[in-house]
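Biologist: Hey, could you walk me through this one? I'm new to it and don't know where to look.

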Amino acid sequence: MAQTAAPPPADSAPVTTDRPVTTRSLRGFTGRGYDKGRPLLAQAAWFAALHLLFVKWWFPARWRPALLRAFGARVGRRVLIRHGVRVHWPWKLEIGDDVWIGEGAWILNLEPVTIGSDCCVSQSALLCTGSHRRRSATFEFDNGPIRLEPGSWVAARAVVLRGVTVGRGGVVGAGAVAHRDLAPGAVLTTSTTSGGAA
């Protein structure tokens with residue numbers, strides 16, 4: 001008896017094959033358009049402080065905002081940053097007042113990240129300002145800033161991609177990926193049929 005391939009799940013996106021394929025040559029990558037914002041010595045000093053102090057469970061939470069400020073971040077009052085949080089470049093980070101950042105969150109801020117007051121970035125969430133031009137043969141950068149408006153929430157293991165603004169009071173639900181702006185008060189979940197809580 002002949003066997004037929006199982007149909008794709010109903011909720012999967014179709015894969016298009018009728019587009020031209022870009023021949024990739026990563027050896028030619030130039031990195032143009034990306035400014036790290038500080039000289040190599042400052043970058044090395046931050047990486048040492050990040051890995052030797054900032055991410056450690058024993059490093060007091062009340063000292064983390066101060067350490068970020070020492071490296072050029074703008075950090076408001078009563079900011080709680082748990083252990084395991086990674087910040088790529090503190091000088092490209094602005095945090096308002098009364099912000100919570102949960103364990104293991106990663107702020108990959110090749111470009112500026114602004115986190116408004118009363119925001120919550122939950123455990124293992126990723127704010128990723130970096131990307132690449134998929135049609136570029138040398139895979140050049142296509143980075144963009146991220147902005148979380150006051151009162152917004154990026155839930156556990158959620159991802160906010162480059163160029164996205166999460167509107168005031170908006171929610172990127174657990175495990176969801178925000179690849180375009182989220183309107184104020186909107187809730188993005190991993191389910192296309194649910195409008196429920198994150």
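Modeller: Sure, and keep in mind that this is a predicted model. Let's begin with Ile107, which is found in strand β6.

Biologist: Okay. Is Ile107 buried or exposed, and why?

Modeller: Ile107 is buried, because its relative accessible area is 1% and the cut-off for buried is under 20%.

Biologist: Which residues is Ile107 in contact with, leaving aside neighbours within four places in sequence?

Modeller: With those set aside, Ile107 is in contact with Arg86, Val87, His88, Leu93, Ile101, Val113, Ile115 and Leu127.

Biologist: And how many residues apart in sequence are Ile107 and Val160?

Modeller: They are 53 residues apart in sequence, and 9.8 Å apart in space, going C-alpha to C-alpha.

Biologist: You listed Ile115 just now. What is Ile115 itself in contact with, beyond its neighbours within four places in sequence?

Modeller: Ile115 is in contact with Leu93, Glu94, Ile95, Gly96, Val99, Ile101, Ile107, Val121, Leu127 and Leu148.

Biologist: Tell me about the largest nonpolar core. How many residues does it have?

Modeller: It has 45 residues, and the ones with the most contacts inside it are Trp46, Leu68, Ile101 and Ile115.

Biologist: Which elements give two or more residues to this core?

Modeller: Those are α1 (40–54), α2 (64–70), β4 (93–95), β6 (106–108), β7 (113–115), β9 and β10. The one that gives the most is α1, with four residues.

Biologist: Let me zoom out for a sec. What does the secondary structure of the chain come to?

Modeller: Two helices and 16 strands.

Biologist: And what share of the residues count as buried?

Modeller: Of the chain's 198 residues, 37% count as buried. As for contacts between residues at least 6 apart in sequence, 33% join residues at least 24 apart.

Biologist: What about the outside, how much does the chain expose?

Modeller: About 11,800 Å², with carbon and sulfur atoms supplying 57% of it.

Biologist: Which residues make the nonpolar surface patch?

Modeller: Leu52, Leu53, Trp57 and Trp58 make a patch of about 500 Å². Leu53, for one, lies in helix α1. It counts as partly exposed, because its relative accessibility is 32%.

Biologist: Switching topic: where is Glu140?

Modeller: Glu140 sits in the loop between β9 (126–128) and β10 (146–148).

Biologist: Buried or exposed?

Modeller: Glu140 counts as buried, because its relative accessibility is 1%.

Biologist: What joins the side chains of Glu140 and Thr30?

Modeller: A polar contact of 2.9 Å.

Biologist: What else does Glu140 touch, not counting residues up to four places away in sequence?

Modeller: Besides Thr30, Glu140 touches Gly28, Phe29, Gly31, Arg32, Ser131, His132 and Arg133.

Biologist: Last topic, backbone angles. What is phi of Asp98?

Modeller: Phi of Asp98 is near 55°, a positive value in a residue other than glycine. Asp98 is in the loop between β4 and β5 (100–101), and it counts as partly exposed at 27% relative accessibility.

Biologist: And what is phi of Ser124?

Modeller: For Ser124, phi is near 60°, a positive value in a residue other than glycine.

Biologist: Where is the place of Ser124?

Modeller: Ser124 is in the loop between β8 (120–121) and β9. At 32% relative accessibility, Ser124 counts as partly exposed.

Terms used. Residues are numbered from 1 along each chain as its sequence is written. This is a predicted model: local features need pLDDT of at least 70, side-chain atom pairs count only at pLDDT 80 or more; totals for chains, interfaces and linings use all residues. Side-chain values use heavy atoms; hydrogens and water are left out. Buried means under 20% relative accessible area, exposed over 50%, partly exposed in between (1.4 Å probe, protein chains only). A polar contact is a pair of N or O atoms within 3.5 Å; within protein, one must be able to donate a hydrogen and the other to accept it, and residues adjacent in sequence count only if both atoms are side-chain atoms. Contact means heavy atoms within 4.5 Å. Accessible areas come from the Shrake-Rupley method with a 1.4 Å probe; for residues, only the protein chains shown count as cover. A nonpolar core is a set of buried Ala, Val, Leu, Ile, Met, Phe, Trp, Tyr and Cys residues joined through side-chain atoms within 4.5 Å. Patches are made of residues with over 30% relative accessible area and no salt bridge: like charges are joined within 9 Å, nonpolar side chains (Val, Leu, Ile, Met, Phe, Trp, Tyr) within 5 Å. A salt bridge is a side-chain nitrogen of Lys or Arg within 4 Å of a carboxyl oxygen of Asp or Glu.
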